[in-house]
Amino acid sequence: MTTTDVPASQTLSRGIRVLEILADSQRPLALDDVAGELAVHRSIAYRLVRTLEFHGLVSRDTSGSISIGPGMAALAAGVAPDLQAEARRELDVAADELGTTCFLTVYSRDECVLLVSVEPRNATAALAQRPGTRHSVAKGAPGRAILSLIPESEWPADVPASVRSDVRGLGARGYAISHDEVIPTVQSVAVPLALRGRQPAALGVVYVGSIHSVEVIAARLLQAASAIRDALGG
């Protein structure tokens, strides 16, 4: 391990990890769960949670279970607000047309981070995707789409050979697909979103079943990506 691999502030790093753990969880967590994930004593986890709670970044219910607090929404809104606004405008329409959940992911430290998620208003059931959700860029259609925008020499070492092959073939096709990788039984289609001066990104959809072909879905996402690039000046 090099000095660059060690956080300058262990306490701050642990606090951030608490937020990441809660963001990744599908349910509120008990303090013991947080302490276990951090591999620290319960008293340390308690002090971290109390500090984050003071700033509104986490909240606790009457049973003491901990979840992400409303203060995180204010912070998240400040992340590339122009990109979020344009993506939401385009994905609102695309989600209704396709009847599937549409989303924007951005690249951050070898991970895909969900920034915007839009569920179709006219569907009886749709998959929910929570902003802030993360997964390895080596998995899923969004990961493949993002990797297509990054020189292969800069890819994480754990990208499987099958994914590398998929990404190399993405250029001619223009979109990536995956099934049962990030979420069991769920299929995803994604297209790259390259914007000047910004981290690589991708637009995608997730669904269990769709009346539209993969090609139709990809074409609609490519249309949305083009509109976003035009609105943000490339």
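In this predicted model, six strands form an open sheet, and their order across the sheet is β5-β4-β3-β8-β7-β6. The pairing of these strands is antiparallel. Which strands stand at the edges of the sheet? They are β5, residues 134-136, and β6, residues 176-179. Each of the two has a single partner strand, so one side of β5 and one side of β6 are left without a neighbour in the sheet. Neighbouring strands of the sheet are turned against each other by 30 degrees on average, when direction is ignored.

The edge at β5 may be followed at the level of residues. Strand β4, which covers residues 111-118, is joined to β5 by 3 bridges, and the two run antiparallel. One residue pair illustrates this contact: the bridge partner of E111 in β5 is S136.

The discussion now turns to charged side chains. Side chains of opposite charge can pair when their charged atoms come close. How many salt bridges does a search of the whole structure find? The search finds 14, and several of them are described below.

One salt bridge joins the side chains of E53 and R50, with a distance of 3.0 Å from N to O. Both residues belong to helix α3, residues 42-54, and because they are 3 residues apart there, about one helical turn separates them. Is E53 buried, partly exposed or exposed? With a relative accessibility of 23%, E53 counts as partly exposed; this value lies above the limit, since buried means under 20%. R50 is likewise classed as partly exposed, at 37% relative accessibility. The pair also belongs to a wider arrangement, for R50, E53 and R60 are linked in a network of salt bridges.

A second salt bridge is found in helix α5, residues 81-98, where R89 and E86 lie 3 residues apart, about one turn of the helix. The closest N and O atoms of R89 and E86 are 2.9 Å apart. The two partners fall into separate classes of accessibility: R89 is partly exposed at 47%, whereas E86 is buried, with a relative accessible area of 18%.

A third salt bridge connects E152 with R168, and here the closest N and O atoms are 2.6 Å apart. This pair links distant parts of the chain, as 16 residues separate its members. E152 lies in the loop between α6 (140-147) and α7 (161-168), while R168 lies in helix α7. What are the relative accessible areas of these partners? E152 has a value of 32% and is partly exposed, and R168 has a value of 54% and is exposed.

The cysteines complete this account. A search of the whole structure finds 0 disulfides. C102 is in no disulfide, and the nearest cysteine sulfur, which belongs to C112, is 16 Å away. Why is this pair not counted as a disulfide? A disulfide requires two cysteine sulfur atoms within 2.5 Å, and the sulfur of C112 is 16 Å from that of C102. Where accessibility is concerned, C102 counts as buried at 0%, and C112 is buried with a relative accessible area of 1%.

How values were computed:
Residues numbered from 1 in each chain as written. Predicted model: local features only at pLDDT ≥ 70, side-chain atom pairs only at ≥ 80, totals over all residues. Heavy atoms only, no water. Salt bridge = Lys/Arg side-chain N within 4 Å of Asp/Glu carboxyl O. Helix = DSSP H or I, 4+ residues; strand = E, 2+ residues; numbered from the N terminus. Buried < 20%, exposed > 50% of the residue type's maximum accessible area, 1.4 Å probe, protein only. Pairing = 2+ DSSP bridges. Axes fitted to C-alpha atoms, helices over the stretch in contact; angles between N-to-C directions.
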